[in-house]
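Could you walk me through this structure, one selection at a time? I have it open in my viewer and would like to know what to click on next and what is there.

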Amino acid sequence: AKQRARDILKGCKGASVGSYSDSPGIEIIRRHVADYISERDGFPSDWKNIVLCAGASEGIRACLKLMTNPGEGKRPGVMIPIPQYPLYSASLAEYNMAQVGYYLDEERNWALDVAELERSIKAAKETCDVRAIVIINPGNPTGQVLSRQNVEDIVKFAHQEKLFIFADEVYQHNVYAEGSAFHSFKKVTNEMGAPYNKMEMASFMTCSKGYM
């Protein structure tokens, strides 16, 4: 623990945690996060693609802002699960973006059905420009854990519709049901290969919900 503290201090400018850091965060910590992702998924992770935030919520809100360019005509929309963590619906309302809800199936333990995604986006296209899809896995508040096949089906849907993927994976260490396992979107897209491993996606993790 002392050595880790020394390493982090060494990575801070002037060896002080009070000094200004690069905007994406302290390099050595970003490198540690990339190492964790590489070990988790079995695929390399570039530390330059890691951004540290004051909690996952701030990272999610920052990415949502990237979708707000109104352009011309319809306002931008984002697909979000129902029920969902209210951060998404509140942020979309704040940014004047359209909430495109897709319903999880309570009768099937809150499963996600691609047919429901297709229904939702078809109806939404009449009123907004759908630019992204939010997947909360494991789910909040439902607690459901997506199977690998389910993740693959979602990736294919997002690719077909040219959607940016918000992979909200902050509860990845909180999987307790027998037979359930967490599958990260990064790992699955890499296993699927081209063209899916080149899709635009942001994955979110937080120290407050698990262990790194």
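Here is a tour that begins with the sheet, moves on to the helices and ends in the loops. Keep in mind that this is a predicted model.

**Stop 1: the sheet**

Start by showing the strands as a cartoon. Five strands form an open sheet, and going across it you meet them in the order 2-1-3-4-5, with parallel pairing. Strand 2 and strand 5 are at the edges, and each has a single partner strand, so one side of each lacks a neighbour in the sheet. From one strand to the next, the twist averages 25 degrees.

A little background helps here. Strands of a sheet pair through backbone hydrogen bonds, in either a parallel or an antiparallel way.

**Stop 2: strand 1 and strand 3**

Select residues 75–82, which are strand 1, and then residues 128–136, which are strand 3. Strand 1 and strand 3 run parallel and are joined by five bridges. To see one of the pairs, pick G77, whose bridge partner in strand 3 is V130.

Now add helix 5, residues 114–124. Helix 5 packs on the sheet and touches strand 1, strand 2 and strand 3. Its direction makes about 155 degrees with that of strand 2.

**Stop 3: strand 4**

Select residues 164–168, which make up strand 4. Is this strand largely enclosed or left open by the rest of the structure? Five of its five residues are buried, so strand 4 is largely enclosed. In a regular strand, side chains alternate between the two faces of the sheet. Colour the two sides separately: F164, F166 and D168 are buried on one side, and I165 and A167 are buried on the other.

Next, look at the neighbours of strand 4. Strand 3 pairs with strand 4 in the parallel sense over five bridges, and D168 is the bridge partner of I136. Strand 5, residues 201–204, also pairs with strand 4 in the parallel sense, over four bridges. Here you can find F166 opposite A202 of strand 5.

**Stop 4: following the chain between strands**

Trace the chain from strand 3 through helix 6, residues 148–161, to strand 4: together they make a right-handed β-α-β unit. Keep going from strand 4 through helix 7, residues 185–192, to strand 5, and you follow a β-α-β crossover that is right-handed.

**Stop 5: two pairs of helices**

Show helix 6 and helix 7 together. Their axes are 10 Å apart, and the helices pack at an angle of about 75 degrees. That makes helix 6 roughly perpendicular to helix 7. Show the side chains to see who meets whom: R148, V151, E152, I154, V155 and K156 of helix 6 make the contact with F185, V188, T189, E191 and M192 of helix 7.

Then move to helix 3, residues 56–65, and helix 4, residues 87–94. Their axes come within 11 Å and cross at roughly 40 degrees, and helix 3 and helix 4 are therefore oblique to each other. The crossing of these two helices is right-handed. In helix 3, select S57, I60, R61 and L64, which meet L87, Y88, S91, L92 and E94 in helix 4.

**Stop 6: the loops**

Finish with some single residues. In the loop between strand 3 and helix 6, find P141. A cis peptide bond joins N140 to P141, with omega about 15 degrees. T142 is found in the loop between strand 3 and helix 6 too. T142 is buried, with a relative accessible area of 19%. Leaving aside residues up to four places away in sequence, T142 touches P83, L104 and W110.

Click on W110 next, in the loop between strand 2 and helix 5. W110 is partly exposed, at 23% relative accessible area. Its phi is near 60 degrees, a positive value in a residue other than glycine.

N96, in the loop between helix 4 and strand 2, also has a positive phi, near 55 degrees. N96 is exposed, with a relative accessible area of 51%.

For the last selection, choose P195 in the loop between helix 7 and strand 5. The peptide bond from A194 to P195 is cis, with omega near 0 degrees.

How values were computed
Residues are numbered from 1 along each chain as its sequence is written. This is a predicted model: local features need pLDDT of at least 70, side-chain atom pairs count only at pLDDT 80 or more; totals for chains, interfaces and linings use all residues. Side-chain values use heavy atoms; hydrogens and water are left out. Buried means under 20% relative accessible area, exposed over 50%, partly exposed in between (1.4 Å probe, protein chains only). Two strands pair if DSSP finds at least two bridges between them. A crossover is right-handed if, with the strands pointing away from the viewer, the path from the first strand over the helix to the second runs clockwise. Axes are lines fitted to C-alpha atoms, for helices over the stretch in contact, and angles run from 0 to 180 degrees between N-to-C directions. Angles under 35 degrees count as roughly parallel, over 145 as roughly antiparallel, 65 to 115 as roughly perpendicular and the rest as oblique. A crossing is left-handed if the near helix is turned anticlockwise from the far one by less than a right angle, and right-handed if clockwise. Contact means heavy atoms within 4.5 Å.
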